[in-house]
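Me: I would like a close look at a single part of this model, taken slowly and with its surroundings included. Please keep the answer connected, so that I can follow it with the structure open beside me.

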Amino acid sequence: MKPGVSYLRTVEDVLSDEPRVLSVPLTIFIDKHGRPFRICRLGTRDFERLVEMYVSFEPKSQAGGLPPTDEPRIRAWLEKLIDQGLNLIAKDKSQIVAHAVLSSIDEREAEVAVFVHQGFQGLGLGHKLVTCLVTIANLKDFEKIWGLVESENSAIIHINHSLGFSTYRISQGSVEMELKLHERK
Ligand SMILES: CC(C)(COP(=O)(O)OP(=O)(O)OC[C@H]1O[C@@H](n2cnc3c(N)ncnc32)[C@H](O)[C@@H]1OP(=O)(O)O)[C@@H](O)C(=O)NCCC(=O)NCCS
């Protein structure tokens, strides 16, 4: 497989909550070293491995106080994200190495967040996951998506700008970025 090549599934598969469908990758991302990562929706069987990713995630509390610092808080935070949002993971074999979530605020807008484990940053996974969330947000008919990022976080600001997000507010070390998708009919 060549770097950058993606294998996308159908719209119904992408949005399906059926456990059998969730376990099948939405796409495979090939990094610059030719290593394949499976990008999947988060299934219930992935929960413990996602907790493992965040327990070893460093530094904690770096992105607006996230991820949380200890395991009970990590579990509570993830349960809330699973309740409120559509969660994507990137897998290297069975290990979860990155997580991104589109949390619905209401039927028109959703918040985007992405976390790539420190051992796997700089490979393009953050960019790939946010790209997938933008596609999914379009499929789900959101009017806009946004994210709150630290003003020193050049990597996520760079990723978001490259995908068309604009900066709409800067306050107290944070940058709010939004991407307008389309007006509802
Ligand atoms: C921010 C984060 C998601 C980025 O993920 P990543 O997989 O390392 O990023 P990628 O490899 O996809 O891409 C990074 C892009 O930013 C660029 N970049 C990296 N560091 C940069 C910097 N200091 N200044 C400018 N650009 C930078 C890279 O060159 C790359 O750009 P390119 O695609 O044009 O080559 C990851 O570092 C992370 O999880 N950080 C901790 C959690 C966090 O801050 N999340 C964001 C807020 S929710």
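Me: Is the crossing of helix 5 and helix 6 right-handed or left-handed?

Reply: The model is a predicted one, and in it the crossing of helix 5 and helix 6 is right-handed. Helix 5 covers residues 125-139 and helix 6 covers residues 154-162, and their axes, which come within 10 Å, cross at roughly 45 degrees. Because of that angle, helix 5 counts as oblique to helix 6. On the side of helix 5 the contact is made by Gly126, His127 and Val130, while helix 6 contributes Ala155, Ile156, Ile159 and Asn160. Sorted by class, the residues of this contact comprise four nonpolar and three polar ones, with no charged residue.

The two helices also belong to the surroundings of the ligand. The ligand is surrounded by 21 residues, and the closest are Gln121, Gly126, His127, Ser154 and Ala155; of these, Gly126, His127 and Ala155 also take part in the contact between the helices. Helix 6 gives the most to this shell, with six residues, whereas strand 5 (109-116) and helix 5 are each credited with at least two. By class, the shell has 11 nonpolar and 10 polar residues, and again no charged residue appears.

Strand 5 leads on to the sheet, an open one of eight strands, whose order is 1-2-3-4-5-6-8-7 and whose pairing is mixed. Its edges are formed by strand 1 (27-30) and strand 7 (166-171), each of which pairs on one side only, and from one strand to the next the twist averages 25 degrees. Within this order, strand 2 (residues 36-41) runs antiparallel to strand 3 (residues 85-92) and is joined to strand 3 by four bridges; Arg38 stands opposite Lys91 of strand 3, and Cys40 has Ile89 of strand 3 as its bridge partner. Strand 3 in turn pairs with strand 4 in the antiparallel sense, over eight bridges, and here Lys91 has Ile96 of strand 4 as its bridge partner. Two residues lie between the strands in the hairpin of strand 3 and strand 4, where Lys93 takes a positive phi near 55 degrees.

How values were computed. Residues numbered from 1 in each chain as written. Predicted model: local features only at pLDDT ≥ 70, side-chain atom pairs only at ≥ 80, totals over all residues. Axes fitted to C-alpha atoms, helices over the stretch in contact; angles between N-to-C directions. Parallel < 35°, antiparallel > 145°, perpendicular 65-115°, else oblique. Left-handed = near helix turned anticlockwise from the far one by under 90°. Contact = placed C-beta atoms within 7 Å. Nonpolar A, V, L, I, M, F, W, Y, C, P; charged D, E, K, R; others polar. Pairing = 2+ DSSP bridges. Near = placed C-beta within 6 Å.
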